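Me: Could you take a close look at one part of this model for me, the positive patch on its surface? After that, I would be glad to hear how other charged and aromatic side chains pair up.

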Amino acid sequence: MAAHKEDSKKLKRKQSPATKPGRDGSSTKKPKLGSSKVDDNKGKKPFKPVKKHGKSSHGEDSKQTKEPLSKRDRRIEAKELAEARKMKRKRHYSLEQELAKLWEKMRKRNIAKEDRSKLISEAIQKMKGKIPEIATSHVSSRVLQTCVKYCSQTERDVVFSELRPHFLNFACNPYAVHLVKKMLDSASKRQLGDFVSSLRGQVASLVRHMVGSVVVEHAYQAGNGTQRQELLLELYSTELQLFKDLSLIKESRLVDVIAKLNLQINSVLRHMTSVIQPILEKGIVDHSIIHRVLMEYLSIADKFSAADVLEQLSGPLLVRMIHTKDGSRIGTLCVKHGSAKERKKIVKGMKSHILKIAYDQYGSLVLACICSTVDDTKLLMKIVIRELQTSLKDLVLDKNGRRPILQLLHPNCSRYFSPDEMASLNLSIPSLSAKMPLALLCCQVAAESISKAEENPETNEEPGDEENDVKEDSMAEGDETEDLVEGGKKDPLTRRQELLVESGLAESIIDVCTENVEELLRSNFGKEVLYEVATGGSEGILFPSLGEKLNTLHEAIASVAAEPKSEEPGKEHVFENFHSSRTIRKLILDSPGFAAVLWKRALNGKCSLWAQGHSSKVIHAFLDSTDDKVRELAKKELQPLIKDGVLKISEHKEVTKKCKLSAE
């Protein structure tokens with residue numbers, strides 16, 4: 001019985017209190033307590049609140065939240081949120097806002113100097129002690145640049161003293177770098193020396209940085225010879241980077257530095273390769289300090305290293321380098337020592353940049369080298385010649401633009417290229433040329449012997465053996481480099497014929513000269529192109545196919561010279577002008593055909609008018625000509641003028657004339 005009672009209690013616990021079994025065995029829900037109240041209120045009406053007149057505040061708020069904001073309100077709200085975020089993120093945000101307002105006033109062009117100096121003093125006073133913290137800001141760096149540009153030297157010294165410990169950090173910042181450049185532009189000699197000293201040990205890493213390289217280049221351009229050498233030597237060797245005393249040498253060429261300090265050429269090459277390779281991969285090739293390092297590297301590099309560098313540079317990268325002296329030399333080396341495929345890449349990389357390159361002082365030398373080296377004349381016609389023909393007159397009258405044309409008309413002429421420019425055109429890489437300098441050969445032989453000794457210490461040779469084997473190595477080197485060809489394989493005259501005559505360039509140049517004869521005669525630079533064209537170019541390249549055109553040009557020059565002498569004070573005749581008189585004189589001496597045309601059209605019976613001044617040089621040219629027919633033309637008319645003393649001859653010319661007469 002007791003067990004039965006316990007089981008029944010358990011069953012009652014398991015059952016839900018809300019359900020009880022019905023009579024039919026089904027469970028029924030227990031009624032809720034609140035249900036009785038509902039039953040009591042069945043007969044009553046539901047409560048309805050009394051409506052009051054007017055709108056409730058709750059209704060207004062709900063309508064306001066539901067209404068969308070206008071564009072103007074959204075902009076204002078976004079601006080406020082941005083301002084709040086900047087206030088939290090930037091420590092000196094309020095100061096930057098004040099400086100920006102001052103900057104808007106001080107940077108105006110029409111502001112008085114006194115007012116600007118007051119604004120700058122106020123700005124520097126507010127920034128004092130906080131300059132390193134705000135210099136990396138986009139706004140504050142601009143304010144500081146303006147302050148440094150227009151402030152006094154005392155204020156500039158204050159800014160420099162605060163920035164000095166942080167130069168290396170600022171050199172790699174995209175905003176602060178402009179402030180550093182401005183500081184270098186206006187720095188004193190002492191400040192510039194301090195800045196270069198602060199870069200010690202970090203030049204190699206900065207040169208490989210896209211932003212930091214700009215600062216190194218700026219310091220390199222602003223510094224003197226000693227400071228430039230100090231920056232360069234760090235890129236040559238780790239020893240020169242670590243020990244300051246070693247960098248105090250007078251030698252500037254890397255070959256001389258290696259010989260002076262007894263450096264190992266292998267370690268120098270390894271260090272320079274580690275510096276140069278990332279620079280070429282990133283394309284940081286715009287700076288002159290990098291061009292100088294590349295030139296020094298090519299002067300000591302072995303054949304494979306030099307060829308690898310030339311291969312990487314051959315293409316669009318080279319166009320960004322040829323605006324400097326060393327960059328143009330690298331360009332000529334790439335053209336001379338590159339393969340046909342690499343030369344094709346170089347020319348294609350210059351497409352649409354030919355005119356800009358031609359007008360550049362150093363780029364025009366590379367273009368001249370291309371015109372006298374590349375064998376693919378069809379490619380040159382499509383890219384180089386076609387672009388040159390679009391602006392021939394301007395090129396002829398320009399100091400640099402005329403160089404590619406003169407190189408085709410008269411290659412490697414010392415009258416048109418300075419000795420330094422001629423040296424640039426004749427440069428070659430020692431390891432890739434047939435003849436290697438003995439000093440470099442000794443360095444390379446010593447380096448190879450050291451590397452062999454390190455690999456095989458058991459088979460070390462005596463030190464004297466290296467020097468004794470230099471001669472044999474040079475002979476072997478000569479045997480290996482016999483197949484190397486500097487420049488193109490095509491005959492130079494054939495190349496010139498194709499580029500000048502067959503392309504139509506020569507005909508266009510003659511037309512330009514004929515249409516602008518007087519302007520070219522009076523021009524300091526155009527007269528030389530006119531002279532080369534009128535004489536038919538070197539080796540008479542223009543005469544066989546363009547003889548009639550040249551006769552037309554001679555007639556045009558003679559017609560200008562045949563014009564009557566002007567009595568106006570400001571207008572000179574071509575015989576009286578300094579440039580044109582000397583050009584016509586040279587044409588008389590070198591072109592008998594032109595001399596005959598000029599005598600008939602302009603001088604026959606009129607020599608007495610031109611016997612004085614600059615024009616007398618034109619008259620003397622007929623007597624100095626080596627052609628007998630030209631001398632006979634003017635002899636009858638000029639002898640009376642010489643006897644009467646109207647036409648004077650110098651003592652030296654009189655002696656030579658007497659010698660000629662006695663010889664006859």
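Reply: Happy to help; what follows starts with the patch and then moves on to the pairs of side chains. Please keep in mind that this is a predicted model.

The positive surface patch is made up of Lys344, Lys348, Lys351, Lys378, Lys382 and Arg386. Two helices each give at least two residues to the patch: H23, spanning 340–349, and H26, spanning 377–389. Of these, H26 provides the largest share, with three residues. Lysine 382 is a good one to look at, since this residue lies in helix H26. Its relative accessibility is 54%, and because exposed means over 50%, lysine 382 counts as exposed.

From there, let us turn to charges that do find a partner. Side chains of opposite charge can pair when their charged atoms come close. The structure holds 26 salt bridges. One of them joins arginine 200 to glutamate 230, with 3.9 Å between the closest N and O atoms. This pair links distant parts of the chain, 30 residues apart: arginine 200 sits in the loop between H12 and helix H13 (203–207), while glutamate 230 belongs to helix H15 (residues 225–233). Both arginine 200 and glutamate 230 are buried.

Another salt bridge is found between arginine 253 and aspartate 256, where the closest N and O atoms are 3.2 Å apart. Here arginine 253 is partly exposed, at 45% relative accessible area, and aspartate 256 is also partly exposed, at 29%.

Glutamate 576 and lysine 565 make a further bridge through their side chains, at 3.3 Å from N to O. Each of the two lies in the loop between helix H37 (543–561) and helix H38 (578–590), so their pairing ties together parts eleven residues apart in sequence. Glutamate 576 has a relative accessible area of 22%, which makes this residue partly exposed. Lysine 565 is partly exposed as well, with a value of 43%. Elsewhere, salt bridges link Glu98, Glu122 and Lys126 into a network.

Now for the rings. A pair of aromatic rings is described by the distance of the centres and the angle of the planes. There are four aromatic pairs in the structure. Among them is the pair of phenylalanine 167 and phenylalanine 195, with 4.9 Å from centre to centre and 80 degrees between the planes, an edge-to-face arrangement. Phenylalanine 167 is in helix H10 (residues 167–171) and phenylalanine 195 in helix H12 (residues 189–198), so this contact ties together parts that are 28 residues apart in sequence. Phenylalanine 167 is buried because its relative accessible area is 3%, under the 20% cut-off. Phenylalanine 195, at 2%, is buried too. Both rings also belong to a cluster, in which ring pairs link Phe160, Phe167 and Phe195.

One last spot may interest you. Serine 364 has its place in helix H25 (residues 363–371). With a relative accessible area of 0%, serine 364 is buried. Its C-alpha lies 6.2 Å from that of asparagine 400, although the two are 36 residues apart in sequence.

Key:
Residues are numbered from 1 along each chain as its sequence is written. This is a predicted model: local features need pLDDT of at least 70, side-chain atom pairs count only at pLDDT 80 or more; totals for chains, interfaces and linings use all residues. Side-chain values use heavy atoms; hydrogens and water are left out. Patches are made of residues with over 30% relative accessible area and no salt bridge: like charges are joined within 9 Å, nonpolar side chains (Val, Leu, Ile, Met, Phe, Trp, Tyr) within 5 Å. Accessible areas come from the Shrake-Rupley method with a 1.4 Å probe; for residues, only the protein chains shown count as cover. A salt bridge is a side-chain nitrogen of Lys or Arg within 4 Å of a carboxyl oxygen of Asp or Glu. Lys and Arg count as positive and Asp and Glu as negative; His and the chain ends are not counted. The place of a charge is taken as NZ of Lys, CZ of Arg, CG of Asp or CD of Glu. Helices (H or I, at least four residues) and strands (E, at least two) are DSSP runs, numbered from the N terminus. Buried means under 20% relative accessible area, exposed over 50%, partly exposed in between (1.4 Å probe, protein chains only). Rings of Phe, Tyr and Trp (its six-membered ring) pair if their centres lie within 6.5 Å; planes under 30 degrees apart count as stacked, over 60 as edge-to-face and the rest as tilted.
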